[in-house]
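Colleague: I'm new to this one. Can you walk me through how the chains meet?
Modeller: Sure, have a look first.

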There are 4 protein chains.
Amino acid sequence: MSHLADTWTLTAQCPSRLGTVDVVTRFLKENGCYITEQQSFDDRLADRFFIRTEFTPQLTAFDAEAFEAAFADRAGEFEMVFELAAPGARIPVVIMVSRADHCLNDLLYRYRTGQLPIEIRAIVSNHPDLANLAEWHGIPYYHFPITPETKPEQEAQVAKVIEETGAELVILARYMQVLSSRMCEQLSGRAINIHHSLLPGFKGAKPYHQAYEKGVKLVGATAHYINDDLDEGPIITQAVESVSHADYPEDLVAKGRDIECLALARAVALHVERRVFLHARRTVIFER
Amino acid sequence: MSHLADTWTLTAQCPSRLGTVDVVTRFLKENGCYITEQQSFDDRLADRFFIRTEFTPQLTAFDAEAFEAAFADRAGEFEMVFELAAPGARIPVVIMVSRADHCLNDLLYRYRTGQLPIEIRAIVSNHPDLANLAEWHGIPYYHFPITPETKPEQEAQVAKVIEETGAELVILARYMQVLSSRMCEQLSGRAINIHHSLLPGFKGAKPYHQAYEKGVKLVGATAHYINDDLDEGPIITQAVESVSHADYPEDLVAKGRDIECLALARAVALHVERRVFLHARRTVIFER
Amino acid sequence: MSHLADTWTLTAQCPSRLGTVDVVTRFLKENGCYITEQQSFDDRLADRFFIRTEFTPQLTAFDAEAFEAAFADRAGEFEMVFELAAPGARIPVVIMVSRADHCLNDLLYRYRTGQLPIEIRAIVSNHPDLANLAEWHGIPYYHFPITPETKPEQEAQVAKVIEETGAELVILARYMQVLSSRMCEQLSGRAINIHHSLLPGFKGAKPYHQAYEKGVKLVGATAHYINDDLDEGPIITQAVESVSHADYPEDLVAKGRDIECLALARAVALHVERRVFLHARRTVIFER
Amino acid sequence: MSHLADTWTLTAQCPSRLGTVDVVTRFLKENGCYITEQQSFDDRLADRFFIRTEFTPQLTAFDAEAFEAAFADRAGEFEMVFELAAPGARIPVVIMVSRADHCLNDLLYRYRTGQLPIEIRAIVSNHPDLANLAEWHGIPYYHFPITPETKPEQEAQVAKVIEETGAELVILARYMQVLSSRMCEQLSGRAINIHHSLLPGFKGAKPYHQAYEKGVKLVGATAHYINDDLDEGPIITQAVESVSHADYPEDLVAKGRDIECLALARAVALHVERRVFLHARRTVIFER
């Protein structure tokens with residue numbers, strides 16, 4: 001949904017308990033906030049409650065800090081964690097790439113044309129190849145080569161960029177390097193990866209060639225939060241595209257690229273619009 | 001979402017005004033009702049608010065009548081119209097058909113296998129052709145022939161069946177007859193029609209042949225509430241399927257049948273799960 | 001493509017070699033056969049050629065036997081295997097089921113309404129549950145219970161039905177039993193199975209529950225020829241459907257059912273229209 | 001299908017007549033050309049035959065001119081028009097734009113990354129806005145302003161660029177100007193336009209706003225060859241995307257942009273791979 005200039009977003013989750021919606025909506029009413037869109041879901045297997053609310057303050061002066069402080073009291077009773085996002089907030093982002101540019105180009109176009117409410121503060125790569133593309137968009141590009149020996153140092157460099165730019169989201173747009181457990185942990189819940197195939201069975205080297213051998217009729221891509229288990233974090237989006245016998249392995253790779261772009265861009269959009277809730281190994285996603 | 005045995009559904013709409021969500025959720029909280037799923041939307045162009053809530057009463061005895069009476073007071077302040085649906089409620093339905101059986105067969109299968117929470121009380125047709133199919137499913141079949149001269153009498157017969165069976169929803173599963181304005185009015189908001197093509201430009205006779213002449217690459221179907229303007233009521237679902245040059249007009253008709261089944265079944269499911277809100281000429285639909 | 005009453009289909013495959021198309025098309029020309037639709041493909045990795053031709057004889061008397069005999073000579077030079085199918089040919093079929101009826105019902109409807117050019121000669125099951133459904137369609141139903149001890153005898157009973165009915169295609173419409181290697185071999189290339197999930201990683205018990213745990217956003221189905229490796233034969237069709245956090249395991253199962261119907265019906269249609277070519281572990285499919 | 005370096009493409013069409021395939025395939029055989037992929041179709045309502053053949057010459061020296069000259073004799077007997085395309089041929093293209101850049105950006109990316117076998121020789125616009133984008137890609141940009149009075153002169157300027165660049169294809173990537181009948185005629189069969197909506201009924205001003213008013217659940221785009229009847233030429237591709245009540249008119253426009261990019265890029269790819277055959281008001285498309 002397109003938003004008016006004064007639409008705030010409140011997201012929260014907590015254990016299931018009578019009154020979980022009321023504690024949010026009553027507070028909003030009492031503070032003169034009109035709810036324009038709201039979705040809540042109770043996961044009865046996990047006994048966990050999730051809510052996302054868009055609202056417009058009816059008072060001329062809306063004091064976000066005061067709002068948060070006051071709401072924290074009530075939320076505390078429900079062990080509720082919550083976040084408030086300002087209208088038009090643009091999440092600071094660092095994008096990590098390797099040599100392939102399809103996902104990066106797609107993200108940059110959506111960024112440049114204002115389709116993604118993000119602010120790309122840096123592009124980090126273990127290769128110099130995509131520096132030109134970054135330059136044209138006026139985004140700093142950091143080339144940090146990596147070898148098995150220099151991995152800890154390289155990751156420290158990356159971490160420094162993430163910290164110094166204040167990035168709240170890291171997008172691994174075909175970064176092709178396995179992050180260390182330590183880095184995975186640091187980025188938990190705020191790093192999105194795109195994985196080359198929907199089919200877990202084709203992990204390992206040359207997945208598209210394996211898929212070709214088997215004669216699959218669909219190729220896919222999965223965007224997920226990273227965790228320690230490479231390519232196995234909580235899923236945000238999945239997408240597929242048809243292929244046929246006339247698609248040789250290189251064609252599968254090409255179609256895979258298209259579908260990777262779509263799945264990643266969609267996942268990033270859902271995340272920055274605060275539509276994705278992470279709990280344990282699963283996500284709850286409130287699509288508009 | 002699959003439901004527990006004790007999930008009630010409350011749906012409501014009213015003019016936009018501060019507190020529209022709160023009036024619902026506070027009442028539920030006060031009455032010991034746990035909200036398991038909720039969606040609300042404010043249409044800022046229509047200045048209209050819509051909400052759908054699923055909840056499970058935490059009290060052993062839930063008195064629906066008392067609930068409705070008590071809530072009516074509060075809702076009244078917001079000019080809010082609302083409806084409460086009991087767990088496992090099955091909406092009584094009358095299906096109207098002509099000779100084509102594809103949509104009817106599809107609905108009957110979903111009905112027989114418990115996929116649609118409806119109770120088909122009668123099938124009405126202006127032709128005798130589908131009596132066998134009805135019989136096998138144990139559903140009364142009324143054959144009311146129609147001619148231009150007998151139309152008022154025939155519609156009176158149909159209306160009588162609808163009334164006597166207590167049908168809350170009428171499904172026009174390829175009925176192929178234009179209803180009179182009077183009947184459209186009587187059935188306003190509770191009769192769903194399926195229209196043979198997505199493309200308004202191909203109205204009139206032999207739409208699929210017109211589409212063939214133009215070389216379309218997609219055929220579609222639209223399910224909508226009926227209104228006076230034939231095939232132009234508020235849209236509930238639309239679906240499409242690819243076609244190619246190798247599809248002759250009869251193939252387009254066949255593909256159209258498949259897509260009509262899907263669009264109609266989906267529209268009926270959304271309606272009976274009380275996910276469709278009708279306001280003016282548009283619908284608000286809370287998909288799960 | 002819908003067909004005229006006199007359209008024959010010739011399918012063939014052979015090793016790649018100069019003149020593979022010419023040997024077919026020249027013969028058709030010389031015999032006064034007009035080609036209405038043709039597709040050929042050379043798999044350059046397998047060095048294998050595939051062709052499917054629809055043609056209408058221009059001579060009043062077309063002698064199929066003489067045609068086959070004469071063409072066999074030329075085809076032999078190319079080590080070409082071929083098949084000729086008469087206009088309107090309906091392939092004799094045996095369907096095997098267990099208790100679930102969704103795929104069977106879908107096939108029966110398409111059969112009854114003439115959408116599938118097959119002739120269902122028998123339905124075989126290890127359970128009595130679906131006898132009524134078979135009876136209503138006037139199709140013999142064989143109930144052959146199975147236990148680990150009686151498996152060889154039961155399979156012999158099944159094989160006898162297949163043989164006596166002259167079935168050229170066996171459809172495993174959720175049969176739920178692992179066929180013996182011997183039976184797999186007997187049915188090689190002429191038995192189509194539907195597998196409950198697109199994702200090879202979720203094989204084993206309760207695949208939909210595993211998928212739920214992982215929070216997948218898509219569920220799928222694969223229709224394939226059976227071979228010794230259970231659920232791993234050459235793929236004919238794959239289909240997917242979106243799911244969300246609000247879909248509990250039982251909802252995934254329900255959505256899986258829908259997608260299984262579609263994938264299986266599509267695979268059967270492709271097979272009986274002689275659009276599927278089997279070579280080694282892969283299929284070549286000429287979609288219309 | 002990805003191609004070997006030596007794959008030529010031969011496309012042809014002619015009136016239906018016995019021997020239409022044979023005249024092509026026999027010639028190829030006689031000239032030592034191995035057919036790697038072939039599709040033919042006979043439109044029985046139009047009595048017209050279409051064929052597309054990919055082949056690799058087995059002789060070390062393949063003389064295209066001699067091939068064409070020799071084949072022309074035989075083709076003439078069938079009133080067959082044909083075209084031969086060299087391996088790796090890149091069609092010279094001129095792109096026409098106005099202010100919107102979404103389609104242009106999409107085409108430029110596919111061009112830059114080698115996904116489209118075209119050579120963009122110029123970008124022409126009636127506005128200066130997109131000059132930067134062209135410059136970054138190193139493509140000449142011509143700004144020809146237009147007013148009702150200067151339209152003939154402006155079109156003459158455009159025509160001159162098309163001629164001087166040797167463009168074989170003109171892509172109207174949201175050009176937003178109605179071409180004169182004369183220009184339409186000049187560009188007949190070699191200019192592809194993208195139209196903002198699938199629904200012919202919403203022609204005229206603000207189509208997405210009209211669609212919003214009606215509450216459509218799908219928006220679409222159509223790519224077609226231009227002809228005199230604005231937005232009504234022979235269709236190449238159509239695509240759709242879901243929308244909901246939460247999509248305001250500006251959201252419909254945004255989703256429309258995405259789907260326009262996809263439909264246009266797909267149409268251009270089909271055209272330059274010589275998969276589109278134009279005959280009368282319809283197209284025959286041999287998808288791979």
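Modeller: What follows is a short chat about the contact between chain C and chain A. This is a predicted model, where local features need pLDDT of at least 70, side-chain atom pairs count only at pLDDT 80 or more, and totals for chains, interfaces and linings use all residues. Residues are numbered from 1 along each chain as its sequence is written, chains are lettered from A and ligands numbered from 1 in the order written, and side-chain values use heavy atoms, leaving out hydrogens and water.

Colleague: What turn lays chain C on chain A?
Modeller: A turn of 180 degrees with a shift of 0.0 Å along the axis, giving an RMSD of 0.1 Å (least squares on C-alpha atoms of residues with pLDDT of at least 70 in both). The two copies are thus related as by a two-fold rotation axis.

Colleague: And how many residues does the contact take from each?
Modeller: 34 from chain C and 34 from chain A, with contact meaning heavy atoms within 4.5 Å.

Colleague: What area is buried there?
Modeller: About 3200 Å², with carbon and sulfur atoms giving 57%; that's the accessible area (1.4 Å probe) the two parts lose on being put together, summed over both. On the chain C side, C:K214, C:H245 and C:R282 lose the most, together 23% of what that side buries.

Colleague: How many salt bridges cross over?
Modeller: The rule finds 2 (a side-chain nitrogen of Lys or Arg within 4 Å of a carboxyl oxygen of Asp or Glu). One of them joins A:E250 and C:R44, whose closest N and O atoms are 3.0 Å apart.
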